[in-house]
Amino acid sequence: MNHIQRKFLVSADIQRWLKEQLPKTEKTEQFYTVSNDQEQCYYRKEYPDIYTKVSVDKDGNETLFSVSAEEYASQRKEHLGRIIVKNTYRVTMDESTLVVERYLKKLDGIYIVTASFQDEKVLRNSETTQELQPFVLKEIDQDEKYSDHSLALYEKPMEYDLQKLFEKIDAFESPNLFFWQVPQRLYVRDGVSLVLYRNIRLINYYKMNFQKKHFSATLHRLRVLLRRTATLLEIFPDLFSPNVQHFSMELFQRYYEETTLLRYLYFLNELSATRENVKLTLYSELKTLITQEEEAVTQMLVSKPFRQMLTILTREIGIQENQKYISLQQEVKHVLKERLERFEMLLEQTKEGYDDDVLEALYIFMDALQTLIEDFFHIIGEKESRRLVEELNILFKPLREYRNCKERASILNTIKEKSETKTLDIDPLLCEHEKVLKDKIEHALKLLRSSKFYV
């Protein structure tokens, strides 16, 4: 009985070695069906006519049942993912057994060797493992993406060093990270993790900069990153543990909202400089409020919850357990198509009428769409991304400005209510073109309702 196994990914040159060994050869086909948390189920055909159902429990123990050709054919129609076809070659040498699996069809080019040994001593003294070394590409004992289950359900395995990609991000000067692009040939979990890691580095950079000098541009970039990071976690909900995801999303969103007032105060202060009819009392009030809000935001940025949030998410993106080996490109396009379909449904609903709540829901949805497109434009395709963004902006730009007008009015009215100067004149800083924006939004909704969004 062989007790120790080693598994290797090998090159196609292994075929030259096999010809000299006169192996026992068999051809098999297998496919997976719907499973549950307690077990996986797959069916296997050993050519020409042996059919088996295999149940695998959560501990990896297999139970085999013989099935008829009719049942096999019936289940085959309901298979998940791809059907695995492979040639298997068995070689017995010394006190070891080698199984070479050559995958065919859509997995063509993959060769895996499983070497079984009676004990550690046989493994250490094995000449066979030395003989195989010229063909070995890597040891894959713990590499789940080469399991038959992953090969059937997920992307054909990709090879890259994820740690080196994280190190490349570390090597960038922080401000230049805005120009960094995630590589295309990655699994979705790895790709999204890299974008989140980039965002965390940038958040730390702008957080430190804002603490040193309170600039509106720095605050704006920091807020954009907080919102985009929360949005990214919301777009890909299955990639991270639910507790970490919900905790991080909630805090990123909360901090984004808590910095909203300061963002408007900066804007109103800058706007005051362009309006001759702004009274000194209002200008002075804004200055005082800015000083107070800057202190509150700075305290928030150095607070323990803020630091913990970044630490917890950083730790989470480094965990690679139980990954679904789905291509980043495939998943991004799938998610984008899904969201564009939902966007069309939201647009259709406005045909019956809409209020500010509906417009707010549309804005939030479009904002998330923009984040997805901007983070992965080179994966979606630059031309396609540009076309989508241009179409979305027909509605997004007037909607964003309308939303800003409403929030600005709300903030100014609150300032007036709380001011000791009861005659505080806020009118010069209120929007003067709300009606024009409403007309633009109505026109944009009519225009986009007749559009179809493709990627």
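In this predicted model, helices H6 and H7 are roughly parallel to each other, because their axes cross at roughly 25° and an angle under 35 degrees counts as roughly parallel. Helix H6 covers residues 162-171 and helix H7 residues 188-212, and their axes come within 10 Å. The crossing in which H6 passes H7 is right-handed. On the H6 side the contact is made by Leu162, Leu165, Phe166, Ile169, Asp170 and Ala171, while H7 contributes Asp190, Ser193, Leu194, Tyr197, Arg198 and Arg201.

A second helix pair can be read in the same terms, since two packed helices are described by the angle between their axes and the distance between the axes. Helix H13, formed by residues 328-349, packs against helix H14, formed by residues 356-375, at an angle of about 160° and with the axes 11 Å apart. Because angles over 145 degrees count as roughly antiparallel, that is the description that applies to H13 and H14. Their crossing is left-handed. The residues of H13 that make the contact are Val335, Leu336, Arg339, Leu340, Arg342, Phe343, Leu346 and Leu347, and they meet Leu362, Phe365, Met366, Ala368, Leu369, Leu372 and Ile373 of H14.

In soluble globular proteins, nonpolar side chains tend to be buried together. Here the largest nonpolar core holds 97 residues, of which Phe236, Phe343, Phe376 and Leu395 touch the most other members. When neighbours within four places in sequence are left aside, Phe236 is in contact with Val188, Val192, Gln245, Glu331, Val332, Val335, Leu372 and Phe376. A second core, separate from this one, has 19 residues, including Ile14, Val113, Phe117 and Val122.

The strands come next. Strands of a sheet pair through backbone hydrogen bonds, either parallel or antiparallel. In this model an open sheet of 9 strands has antiparallel pairing and follows the order S5-S4-S3-S2-S6-S7-S8-S1-S9. Strand S5 (62-66) and strand S9 (136-139) stand at the edges, and each has a single partner strand, so one side of each is left without a neighbour in the sheet. From one strand to the next, the twist averages 30°.

Strand S2, residues 24-32, offers a way into the details of this sheet. With strand S6, residues 80-93, S2 pairs in the antiparallel sense over 8 bridges. Within that pairing Glu29 stands opposite Val85 in S6, and Tyr32 stands opposite Leu80 in S6. S2 is also joined by 5 bridges to strand S3, residues 39-46, with the two strands running antiparallel, and here Phe31 stands opposite Tyr43 in S3. The connection from S2 to S3 is a hairpin through 6 residues. Helix H2, residues 69-76, lies across S2, S3, strand S4 (50-57) and S6, and runs at about 55° to S2.

The last residue to consider is Lys418, whose place is in helix H16, residues 382-418. Is Lys418 buried or exposed? Its relative accessibility is 70%, and Lys418 therefore counts as exposed, the cut-off being over 50%. The C-alpha atoms of Lys418 and Gln15 are separated by 82 Å, and these two residues are 403 residues apart along the chain.

Methods:
Residues numbered from 1 in each chain as written. Predicted model: local features only at pLDDT ≥ 70, side-chain atom pairs only at ≥ 80, totals over all residues. Heavy atoms only, no water. Pairing = 2+ DSSP bridges. Helix = DSSP H or I, 4+ residues; strand = E, 2+ residues; numbered from the N terminus. Core = buried A, V, L, I, M, F, W, Y, C linked by side-chain atoms within 4.5 Å. Buried < 20%, exposed > 50% of the residue type's maximum accessible area, 1.4 Å probe, protein only. Contact = heavy atoms within 4.5 Å. Axes fitted to C-alpha atoms, helices over the stretch in contact; angles between N-to-C directions. Parallel < 35°, antiparallel > 145°, perpendicular 65-115°, else oblique. Left-handed = near helix turned anticlockwise from the far one by under 90°.
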